[in-house]
Amino acid sequence: MKDPTVLFSTLLEIITAAQPKGDINTVKRAYEFAKAAHEGQKRVSGEDYICHPLEVAEIITVMLLDCDTIAAGILHDVIEDTDTTHEDIVAAFGAEIADMVEGVTKLGKIKFLSQEEAQVENLRKMFMATAKDLRVILIKLADRLHNMRTIEVMPDHKRRQKAKETIEVFAPIAHRLGMFRIKVELEDLSLKFLDPVSYKEIEEALDEKMKNNSYFIEKIISSVSYKLDEIDIKGKINGRVKHPYSIYKKTYMQGKLLDEIYDIFAVRVIVDSVRECYAVLGAIHDLYKPIPGRIKDYIAMPKPNMYQSLHTTVIGTEGVPFEIQIRTAEMHKIAEYGIAAHWKYKSGVSDAGKDESKFTWLRQMLELQGDITDDEEFMRAFKTDMFTDSVFVFTPKGDVISLPAGSCPIDFAYSIHSAIGSQMMGAKINGRLVPLYYKLQNGDIVQIITSSSVHGPSRDWLKIVKTSSARSKINQWFKRERREENIIRGKDLFEKEIKKSGYSYHQLYDEEIMKKEIQRHTFQTLDDLYAAIGYGAVPVKSIVNKLREAYRKSLEELPSSESGGVSKYHTSSNGIIVEGIENCLVRLSRCCSPVPGDEIIGYITRGRGVSVHRADCVNVKNNFIGQGESDRLIEVKWEKSQASASYMAELTVLADDRNGLLLDLMSVLSNLKISTHNFNARTGKDFDATITIMVEIHSSKQLEEVIRKMMGVAGVVSVSRTMQ
């Protein structure tokens with residue numbers, strides 16, 4: 001068992017060596033506070049709980065973070081696992097440390113492996129917590145890393161769950177923050193529990209290769225060292241082997257053989273200056289033959305996560321390819337620890353603005369939260385911005401622009417400015433005209449051709465852009481410029497999607513569900529939702545799926561009554577007389593909307609009582625009788641006196657389109673004192689109009705009168721009850 005006193009003593013030694021001027025007293029007070037709070041608590045392994053936050057604090061110290069963050073790391077579990085409150089920590093350590101601890105506590109409550117909607121909401125919460133103080137996610141990464149190091153004591157299903165969450169969420173975040181050392185260990189530990197057989201195979205293969213090639217690596221290091229002495233450059237040289245998860249991705253996921261991976265072995269050269277980096281690159285190419293297309297200059301074009309280095313793959317004297325990485329000591333520190341190595345709270349760092357620019361991606365993700373309300377779209381943006389590699393291209397003036405791999409000229413245009421994207425009419429790559437769907441390559445010089453006569457983007461662009469930023473800006477343009485057009489388009493897409501699903505508008509439309517969708521997307525009206533569907537911000541399919549699911553539930557079976565053939569009738573609250581069932585829920589079906597005077601029949605459903613249909617309803621014929629469910633049908637009839645009751649019915653009007661048609665139809669309804677609840681009109685190519693109207697009536701006779709009066713309106717070809 002680990003001794004907390006020894007762990008804390010070791011921690012102080014590491015802090016003192018890394019931060020001679022650090023506030024060690026705050027760390028000591030945090031230890032005493034956490035030790036008292038966790039008194040008597042044990043981990044699953046049986047060791048004192050305080051050992052965990054101390055080892056988390058050690059990881060934070062190795063990340064080169066400040067003493068306040070180390071103290072927060074020691075305290076990170078006291079709110080969640082003890083009676084300590086945020087106010088208690090504020091009183092003892094101040095608001096800054098208390099807010100970090102509370103932020104980590106909130107992140108700890110987020111469950112990332114859930115249904116997509118819940119997962120998106122949790123990712124949003126994580127970004128919000130991170131935005132307030134980036135150190136919150138750094139502490140969380142340290143916490144997750146130590147948990148993964150000690151996860152063997154957990155049950156297998158728990159190990160797999162945590163490993164999956166780690167590799168899908170936390171390792172990519174570490175990568176995006178440039179924290180290579182943390183990312184690599186998180187990935188390898190996750191693989192060890194997700195696919196232990198493959199992990200062991202890769203480890204054994206690497207061990208074998210190291211045995212066979214140890215002399216080879218030593219010989220390369222010796223040759224490079226001799227060459228550096230020859231050109232009078234001092235540097236540190238060491239070898240490294242590619243980590244298991246990286247090999248797993250190339251062998252098991254890309255189908256490559258181990259011998260086809262060129263960078264299994266690499267030699268890293270660390271020098272004092274950028275000038276020396278390029279001098280060493282030239283010297284290396286004097287020693288070994290470079291492989292064409294395998295030279296990468298991440299110094300001139302840093303990766304979005306701040307990574308800088310020169311990479312070249314060469315052929316050794318034995319014909320074995322290997323990679324050499326060349327960087328400065330500062331670049332190496334950033335490559336290992338990313339944003340933590342550049343942290344603005346560190347002692348002596350005054351240029352906060354410079355450090356802020358290092359995590360522009362986080363600010364962009366926060367901006368996208370406001371622009372993207374649809375969960376599927378947000379997940380697509382998250383995966384694009386967090387998981388994909390980058391391509392580096394140039395503006396005509398020589399500025400470097402980094403975009404996700406697979407981006408097209410439209411992405412480039414919108415990355416420069418929204419106005420350039422909106423007025424774009426073409427693009428030149430390296431002086432040659434290319435189609436807008438052209439995939440940008442490293443080193444391309446991109447020139448965007450604009451015109452003042454172009455008044456906005458094309459909807460087709462949404463199908464080819466790669467960046468979430470470009471997609472968001474295109475959607476914003478359509479949202480702002482063409483609201484009325486978008487509302488009409490959105491309604492049309494909504495109705496077409498309903499028909500495509502095999503149902504009718506009247507069958508599926510549910511006012512309560514639509515209200516929930518309006519609220520979920522933070523809109524004010526139904527027209528706002530239609531507009532969003534029209535300009536592509538909200539996928540109509542997800543809404544129709546919810547409506548369809550609700551409708552299917554309304555048709556689910558209910559166990560038939562056990563009244564054993566009793567033939568007496570019982571009257572329901574809505575005036576329907578049901579045979580043989582007492583105190584059951586009776587509702588009028590939306591698919592055919594029966595009204596007094598119609599012949600009707602009942603269907604015993606599951607969970608929703610008796611559903612009453614018109615006798616000629618196609619659902620009765622196709623879904624019930626046609627599927628052998630006639631035994632679920634039950635006799636029902638109207639109560640004799642229904643004068644005061646009102647019912648909904650939908651009418652479909654076909655007419656020749658003309659000015660004043662809608663006004664004349666509404667006048668008929670007004671004169672008959674008929675209330676309308678829904679109204680939809682569309683015009684076809686041959687100037688014919690199709691109009692659907694939901695009316696509130698009292699009987700089939702009244703409905704027949706409405707139809708007769710409407711037939712008298714000029715241009716009307718037919719009026720019928722909507723029958724599904």
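What follows is a working chat about a predicted model of one protein chain.

Reader: What am I looking at, and how many helices and strands does the chain have?
Author: This is a predicted model. The chain has 29 helices and 21 strands.

Reader: How much of the chain is buried?
Author: Of its 724 residues, 49% count as buried.

Reader: And what share of the contacts join residues at least 24 apart?
Author: 66%, taken among contacts in the chain between residues at least 6 apart in sequence.

Reader: Start at the N terminus. At what angle do α1 and α2 pack?
Author: Helix α1 covers residues 4-18 and helix α2 covers residues 24-37; they pack at about 165 degrees, and their axes are 11 Å apart. An angle over 145 degrees counts as roughly antiparallel, so α1 is roughly antiparallel to α2. Their crossing is right-handed.

Reader: Which residues of α1 and α2 meet?
Author: On the α1 side they are Pro-4, Thr-5, Phe-8, Leu-11, Leu-12, Ile-15 and Thr-16. On the α2 side they are Ile-24, Val-27, Lys-28 and Tyr-31. Sorted by class, that contact has eight nonpolar, two polar and one charged residues.

Reader: Next pair. How do α3 and α4 cross?
Author: Helix α3 (residues 51-62) and helix α4 (residues 67-75) cross at roughly 155 degrees, with axes that come within 7 Å. The cut-off for roughly antiparallel is over 145 degrees, and α3 and α4 are therefore roughly antiparallel to each other. The crossing is right-handed.

Reader: Which side chains are in that contact?
Author: Residues, at any rate: α3 brings Pro-53, Val-56, Ala-57, Ile-60 and Thr-61, and α4 brings Thr-69, Ile-70, Gly-73 and Ile-74. The contact of α3 with α4 has six nonpolar residues, three polar ones and no charged ones.

Reader: What sits in the loop between α3 and α4?
Author: Leu-64 is one residue in that loop. Leu-64 has a phi near 75 degrees, which is positive, and it is not a glycine.

Reader: Why does Leu-64 count as partly exposed?
Author: Because its relative accessibility is 27%, and values between 20% and 50% count as partly exposed.

Reader: Where is Asn-430, the one with the positive phi?
Author: Asn-430 is in the loop between β8 (424-429) and β9 (432-434). Its phi is about 55 degrees, and Asn-430 is not a glycine either. Asn-430 counts as partly exposed, at 48% relative accessibility.

Reader: Back to α3. How does it cross α9?
Author: The axes of α3 and helix α9 (residues 135-149) come within 9 Å and cross at roughly 120 degrees. That makes α3 oblique to α9. The crossing is right-handed.

Reader: Which residues of α3 and α9 meet?
Author: His-52, Glu-55, Val-56, Ile-59 and Ile-60 of α3 meet Ile-139, Ala-142, Asp-143, Leu-145, His-146, Asn-147 and Arg-149 of α9. By class, there are six nonpolar, three polar and three charged residues in the contact of α3 with α9. Val-56 and Ile-60 are also among the α3 residues in the contact with α4.

Reader: Cysteines now. How many disulfides does the structure hold?
Author: Zero.

Reader: Is Cys-51 buried or exposed?
Author: Cys-51 is at 0% relative accessibility and counts as buried. Cys-617, at 1%, counts as buried too.

Reader: Change of topic. Where is His-243?
Author: His-243 is in the loop between β1 (236-241) and α13 (244-253). With 12% relative accessibility, His-243 counts as buried.

Reader: What does His-243 touch?
Author: Leaving out residues up to four places away in sequence, His-243 touches Lys-183, Val-184, Glu-187 and Asp-188.

Reader: Last one. Which strand is Val-391 in?
Author: Val-391 is in strand β6, residues 390-394. Val-391 counts as buried, at 4% relative accessibility.

Reader: And which residues does Val-391 touch?
Author: Not counting residues up to four places away in sequence, Val-391 touches Ile-401, Ser-402, Leu-403, Pro-404, Ala-405, Leu-440, Gln-441 and Asn-442.

Reader: How far apart are Val-391 and Met-301?
Author: C-alpha to C-alpha, Val-391 and Met-301 are 9.6 Å apart in space, and they are 90 residues apart in sequence.

Definitions and conventions. Residues are numbered from 1 along each chain as its sequence is written. This is a predicted model: local features need pLDDT of at least 70, side-chain atom pairs count only at pLDDT 80 or more; totals for chains, interfaces and linings use all residues. Side-chain values use heavy atoms; hydrogens and water are left out. A disulfide is a pair of cysteine sulfur atoms within 2.5 Å. Buried means under 20% relative accessible area, exposed over 50%, partly exposed in between (1.4 Å probe, protein chains only). Axes are lines fitted to C-alpha atoms, for helices over the stretch in contact, and angles run from 0 to 180 degrees between N-to-C directions. Helices (H or I, at least four residues) and strands (E, at least two) are DSSP runs, numbered from the N terminus. Angles under 35 degrees count as roughly parallel, over 145 as roughly antiparallel, 65 to 115 as roughly perpendicular and the rest as oblique. A crossing is left-handed if the near helix is turned anticlockwise from the far one by less than a right angle, and right-handed if clockwise. Contact means heavy atoms within 4.5 Å. Ala, Val, Leu, Ile, Met, Phe, Trp, Tyr, Cys and Pro count as nonpolar, Asp, Glu, Lys and Arg as charged, and the others, Gly among them, as polar.
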